[in-house]
Structure formats: C-alpha cells, structure tokens
Amino acid sequence: SNPKCLQHDVEQTEEVMYPRKPQPFKDWLLVNSDSEAFERVGLSIDAPDILEVTVFGATGMQGTSVVKGLLADTRKSYKIRATTRHPDSLKAKAVQSLDPARITLVEADYDDIQSCHDAVKGVHGAFLVTDFHGGAKMNAEIEERHAKNVIDACEASHTVKHLVFSTMENVEEMNAKFNLGLKKSSTSDEDNYKTSPLPQFDAKARAAAYARTKKISVTYVLMPCYSEMFFELLKPERRRDPTTGKEKLIMTVPLKDDTKVMCMSVEDLGPAVANIFDSYQCYAGHEIGLVTEFVTVKEAAEIIQDVFRKDENEEIQDDDDEVQESKRSRLTTTRNIDLDEIHLEEDVRKVDQWIETKDTYMKDLGQIFKYMAHTDAVKERRSVAKTLKLLPNARSLRLWVEQNKDNVSFREKLGLR
C-alpha cells in the first residue's frame, strides 16, 4: 500500500532484469490473451508435442548433456539430430553410440547457412549452444553470427515449434551499470567488442536480443560455473612427507576469499532442457538462470576432500566380487598416499588471480569467475528456486561429487587412480 515501497520494488526488478525491461501487465495481456497473439510468436493453443529435436553442438559438454537428457526422458521417445562439423570424429561417434536407433549425426557448420537450414528441416525443436573457443576461434563477432544463423534457420523452418538457446548476460552493459570493475578482455579486438570484459558472454547476449525480434518461440537458459570445473581448479599436488615417507595431497585455495560462486553440474542441463521441451508453451519467452548452489572455492575444496577421504577409508564390504576387486586395486594404488592428511593451503592471491595460474584453455576464466561471483545484482539473475522448480532433482555440489566419486576421469584429475 506504500507507493514508495512499490516504487522500490519496480526499480529493483529493473536492475535485476537489466538490460531487459519489465513488461507491464496490460502489455503482457495484449500479447497473451488470444490465439492470434499466440500464433504471432510461433505458438498455438493446441500445441503439438515436440518429438524430434536438433541438438546443435552435440559433441560439446552442453550438447552431449542435452542428448543424454532427451534420451533419458521416459515421457516420450525423442528422435535426435546431433549436429557436428566432423561426423567421422571419435566424439561424434561416441554421441551416436548412446542410442544409434534414435540419434542421427548431421554434418552442419554454423558458417554454412544452408547446412543450418537442412539441420532443422522437419524437426519440432532445437537446442543451440555456440562455441567461442573452438568453432568461433575466440572471435565474438563470429560467435554472434553463428547463433544468428541458427536462429534464422529455426524461424524460416515450417516445423520448428520451439528453440532452447543457451545464452548469457550482456556483461559489458552490466559492468558499466553496476560498476563491477571488470577489465577489458585480452581477446576482444573486434570493433563491436573492444570494451567487452567477456566477449563470449556478450556475443550470446546479443544473439538472444536478436532472437527476441523474431517470430519464434524461445526459452533462454543461462548456465553458471560447471561443478565439473572445480576438479580442474582444485587438482591437488602430491608432496612426500620426509618423516613418514608417504605422499600427501595438497589443495591450494585463495587466501581468505569468501566470494561465493554459483555452480551447477552441466550434466543437469540435459534433463532441464527435456522438461522445457515437454512444456514449451509454459516456458516460451522465459529466461532461466540455472544454479543449484553458491559456494566459495574453499568450501568446494572441503567438499571434495571430505567425500574422497571417506571413499578411500571405507571398508570393502560389497558382495559383488568385481566391486570388491575394483576397490582393492584402487586402495592398493593409493596406499602410499596419506589421505587422512589432505591439507588445504591458502594461496596469497585472490580468487581471480589464483585461477589465472591454473592450467586451463580458458584464458579469461579468472574474469568469468569474478563476474559469476561479484554482486547480488548479478547473482539475482540465477535462481536456485527456479532451477528446482524446473528440475526438482537438480543436485547440490556435494551430492554431485558423491555420485561421481568413482568416475575415472575425475579421480585422475585429483591424482587418484
């Protein structure tokens, strides 16, 4: 009832949604009140089910997750077109091997507009993620063009009912508005991205703005830092104790840094996208910032330390002979490592500087990490509540680590075998 309180809420909403503007109810009603309005944006009251989906970027982490999520959906049996520039590659064949009867590999190049049109011909839905570091060769203008080519292909299609676009915020605009203090990226030399701190984010954001001008039904999903990333960042060093002769695993963490970072496993993206396609009318036009948890680097390290220490100290009690043998082999390999003496050592650098010392192909990972964790205004774009509403089984970092403690790839990254 207090006009000042009401005004405060509107201003706060505008800040959280920036650069998009909140839509007044009367304007929303004009758009959503009749079937003709639905049809103008590519929807219909009696919407058909989406049964065939083209997954662009199917061999990447997000694309593969979406393929697996669609295959695991028991509500319907999706047919999937998995696009790749290299259909004969091991990655492409690995994706198709997930279910050869339901997955068709399609050669498509984002630079080849006709191949994008061919990839969506006859399908009902599409998932789009672009590749800044690979396909776009770290050129934001190319990445923006790649996304627009697919968006145009989906709009021109007579069959695509819905597109799920994995996008990001416009960091350049938010950096200026909220004084985030992010520096210009070392990779953004293109004319349209010269002042961009994270051109790979801004390219996706500009493509999303472009999609909103088109006659096409779209849901925009924004991924946080992947839970998987912590295994890369927190790989322990092995140091031998001169007294006991045993090796210790040492994890270093940033010095006294309580900055919380939003995260979610990329594995959970696939089931989330499957749920969007199942109820695409409900999610049309929505932007969903996915996140399951906010943690500091030190908290992530403590979770990994705790889960793997418990794992290595457990007794071999399984009835299955193969499981027992696997555990004996693993414990034999690590018997000279004193896992009860895993230490967390504080690094003198701050979190973004600490990350830049890591061996990673993402030159701007420090910038990304700093952005992801910086302000409440930024973090409000990602909602745990919305994520759990879309995907009730989305996993916390601890649960995800517990479920992956026997994953060979992750164990190797932690120095375990």
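I began with a cut-off: buried means under 20% relative accessible area, exposed over 50%, and partly exposed in between. I kept in mind that this is a predicted model.

**Entry 1: E52 and R81**

I looked up E52 against that cut-off, and at 23% relative accessibility it counts as partly exposed. Its partner R81 comes out at 18%, so R81 counts as buried. The two side chains meet in a salt bridge, 3.4 Å from N to O. I then checked where they sit: E52 is in strand β1 (residues 52–55) and R81 in strand β2 (residues 79–84), so the pair links distant parts of the chain, 29 residues apart.

**Entry 2: R75 and D278**

Next I turned to R75, whose side chain meets that of D278 in a salt bridge at 3.2 Å, N to O. R75 lies in the loop between α4 (61–72) and β2, while D278 belongs to helix α11 (residues 269–278), 203 residues apart. I found R75 partly exposed at 44% relative accessible area, and D278 partly exposed at 27%. Which residues share a network of salt bridges with R75 and D278? I noted D73 and K76 as the other members.

**Entry 3: R398 and D306**

Here I found a salt bridge at 3.0 Å, N to O, between the side chains of R398 and D306. R398 lies in helix α19 (residues 397–403) and D306 in helix α13 (residues 297–313), so this pair ties together parts 92 residues apart in sequence. R398 is partly exposed, with 30% relative accessible area.

**Entry 4: the tally**

I closed with the count, which comes to 18 salt bridges.

Notes
Residues are numbered from 1 along each chain as its sequence is written. This is a predicted model: local features need pLDDT of at least 70, side-chain atom pairs count only at pLDDT 80 or more; totals for chains, interfaces and linings use all residues. Side-chain values use heavy atoms; hydrogens and water are left out. A salt bridge is a side-chain nitrogen of Lys or Arg within 4 Å of a carboxyl oxygen of Asp or Glu. Helices (H or I, at least four residues) and strands (E, at least two) are DSSP runs, numbered from the N terminus. Buried means under 20% relative accessible area, exposed over 50%, partly exposed in between (1.4 Å probe, protein chains only).
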